[in-house]
Structure formats: structure tokens, C-alpha cells
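Could you walk me through this structure in the viewer, one selection at a time? I have not seen it before and would like to know what to look at.

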Amino acid sequence: MLDFSKIEAAQLTLECIPLNIEQTIKQVIQLLAKLADDKGLKILATIEPAILTANLLGDPLRLQQILLNLCSNAIKFSKHGSIQILCCTESSSADSMSLCFSVQDTGIGISAEQINKLFKPFTQADSSTTRRFGGTGLGLSICRGLVEKMGGRIRVESEPGKGSTFYFTAKFSVSDSKPVQIETDRMTREQLEQKMSNLRGARVLLVEDNAFNQQVLSEMLEAFGLIVDIAQNGQQALDQLDKQSYHVVLMDLQMPVMDGFTATEKIRLNPAFNSLPVIALTANISQSDKDRCKEVGMNDHLGKPIEPEQLFVTLLRHVKAVTADAVQTPSPVAATSELPDLPGINPGPVLKRMKGNVATYLRMHGLFCQHFYNAADLMQQALGTGDVDSVRRLAHTLKGSAATIGAEQLSEVASRLEQECQLSCPVDAVLMNEFGSALKIVIAGQIIKE
């Protein structure tokens, strides 16, 4: 968890890993798209062409946090118009590049007097703004700290009634090596699916304690004729491996009883499993976690929510084609053509990934509702005991699961809630209410089976 006091004491360490500016900005826009659309706002981005091809190293998570904060504020304080994100080069050398980012809105604007205290902790431009729009102002103070850790500065230009533009600079290292792409990385979805037919009959051990994730991944794999067995934790995985041979293990990292790191260490102690691919399943993985995955003997990792294309690429990279006599043809899954009205859901992109299989989608939706129906109550109970980290973990899990079923607004609110917990902000009651309302809307569409 990111602690404000660590920034103030200069104790925060930033990662230095491959950074794709275009991808980071796209992720920000995707997370906030529903929020902007609900207010009739557009989010537009312009990136200098030279930046698109630069091999930069930095901390993508912290950069995303800064942009999310500035853009969400821009949406919050705007009633019409658009949010403009601009990224251009401030200066560059052989081993570094300093970039300038700006976020411009068409909102209420800020007076010169108010600007002077805008980046101080726990204060907003004025108290009436807090009452009208919510929030404490701590986010901008943390943004300032993060920007300064990146070797830059943050400022704002604004006039009341004429909108605001926030500017910040950040310095990134330039890598000598270009990212390596394997053949499957350049394939289309259709080509990947054709290649996946070579893995039909492969047996997969899915080690995952979340029932919703079990359902989604199992159906994704079984659709291509792979055979999936499930273990709830690392110890069950070890027991399963003693009984059955597998072509690959998909291993969640955080589980009760035995986590994925410990389980993989034990797997690698057995010479019989030296060539068994173990692929980590995780979200927002840090560089230290990536290093540890490698140390314990994991072959690769997949970020949650799992995108089908990335799953296919990773499996094709590590799993050998299965011989014809090992293939077991799965029973066909019936697909229906009519989808009932589901509030709070944009099912189009999900159904496209699932090739229009409405029956499977409805099972996923129902499982989500059953699994998370009381999430808001659990969060309130955790906050009552000061357990902010439990709120963060649940928001993190729900963010990905909501995105998987197309609950875009709920996913976006959960993302903001997770971010606020990561920044050690006092969890805002307005945001908690927004989360509870978004969850109720999705749960209201649950289809009860007789």
C-alpha cells in the first residue's frame, strides 16, 4: 500500500520496468470511459509520435495513478465539453527522456487564491467544493509527491468558469534493448484460436480460490477442448499433482492454506516436475513479485482479468501440442440467442469474446452476483475495524470480475476505491455510496433459477 507519509519522508521506491505511454493512457481512458459518458463528456488523448516508439523504463502503476486522479477530478468538476490528455517531449538524451503531460477540462475553474493551497494535504479549493463534489484533496498532494519522485513538477493554470489545465513533467530512462515478440504475439485472434486446436486434450491444473475466476477460466479453456481440474490452494495443487499428470499449471499467487509461491517452490523440489510449466495468475504485479515468480521457478505470468488473447499466447508459448490419441472431444455448449435486459451491464464486448454464447455469459453473470452480492456490507464492516487493506483487496478482486462480465461502471468505481485505499486516503463516504449503488444495480439483474 502506498503511504502518504512515505512520500513525504522520501521512502517510496519507484519501479523501473518497461513502460508503454500509449497503453497507460488507454487504460486510464478505459477505466474512466463510463464515468465520462454518463456526464456526456469525451476523453481525448494526443501523444507525440516519437514517444510511441521510445523504449522507456519507469513505473507504469504510479504514472497511471497520477493520470487517473487528474482525469477523474476533471470529469468530476465538468458538466459539458471534453477532457484533453496531451503528452509531449520536454527534453531527451541517449539514456533518458523527460515528458510533459497535461490534462485539460472545461469545468468550474479555480481562482488564483485557491490554486495556492490546491496541492496541500486534506484541503480542496474551498469547503463548498468539498460539500458539492466530495473528496479531501489528498489525491493532488500525493500526485505532487509522486511527480517529484519522478524528477518532475506539477502545476495548474485555471480561471473560474473557464476550466483548468494541470501540467506535470516526469523523467524516464531509455532502454537500449527493444522488446522481444514471439510469433504468437503478432497473430490475430482467429489465428490464435486455430493454433489452440493443437492443445485440444491438454490437461490444465487451475489453482485458484476465487469461484468466479474458476468459472471464467475453466469455460475459456474448455471451449477449446482443454481438460481443467481445479485446486483451491497450493496444498490441494500438490495433492493433485501426486495423482494426475498435467501439461500446465495456472497458479494464483495469493491463496489461503498455501500460496502460489510456496506451492511452486515445492513443485520444483520434485525432479519429475522440472519441465512442467507453471504460470502465475495475478493482478497489478510488482517488479519484486515478478522477480520472486522467477526465483521460485515460475515460467510466466498472466494479469487479471485474464484476456483470452494473452491466455492463448502464453499457453502456446509453454505447452506442447497434444497427440491425437490424447484428445477428448468436449460436449458442445448450447448457445442461446436472446439476452435479457441486465442493468449496469455492457455485454457486447464480452459476448464478442465468447462468440455470442449467451448461456455461458448468463452463468458467469449469475455466479458474479452470488459471489459479490454482499461486498459493500463486507467493506463497511472492514472499515468499522480500520481494516482498509481488506477493503482494497476486495475492491481489487471485484474490479477485475466486474470488468469480465461487462459491468464497466462498477469496475471503474471499484478501481477508484482500490486506488484510494492504496494511497492511504480516508475512504470517502461518497465514493463508498457510489460503489454500493453501482453494485446494487448489477445485482438487481440477477436471474434466479428455479
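Here is a short tour of one sheet and some helices around it. Keep in mind that this is a predicted model.

**The whole sheet.** Start by showing the open sheet of five strands, which has the order S9-S8-S10-S11-S12 with parallel pairing. Which strands stand at the edges? They are S9 and S12 (300–303); each has a single partner strand, so one side of each is left without a neighbour in the sheet. Turn the view and follow the twist, which averages 25 degrees from one strand to the next.

**S8 and S9.** Next, select residues 203–207 for strand S8 and residues 227–231 for strand S9. These two run parallel and are joined by five bridges. Pick Leu206 and look across to S9: Ile230 stands opposite. Now add residues 211–222, helix H9, through which the chain crosses from S8 to S9. This β-α-β crossover is right-handed.

**S10 and S11.** Move on to strand S10, residues 248–252, and strand S11, residues 278–282. How many bridges join them? There are four, and the strands run parallel. For one such pairing, click Val249 and then Val278, its bridge partner in S11.

**Helices on the sheet.** Keep the strands in view and add helix H10, residues 234–243, which packs on the sheet and touches S8, S9 and S10. The direction of H10 makes about 155 degrees with that of S8. Finish with helix H11, residues 260–268, which also packs on the sheet, touching S10 and S11. Compare the direction of H11 with that of S10: the angle is about 150 degrees.

How values were computed:
Residues numbered from 1 in each chain as written. Predicted model: local features only at pLDDT ≥ 70, side-chain atom pairs only at ≥ 80, totals over all residues. Heavy atoms only, no water. Pairing = 2+ DSSP bridges. Right-handed = clockwise from strand over helix to strand, strands pointing away. Axes fitted to C-alpha atoms, helices over the stretch in contact; angles between N-to-C directions. Contact = heavy atoms within 4.5 Å.
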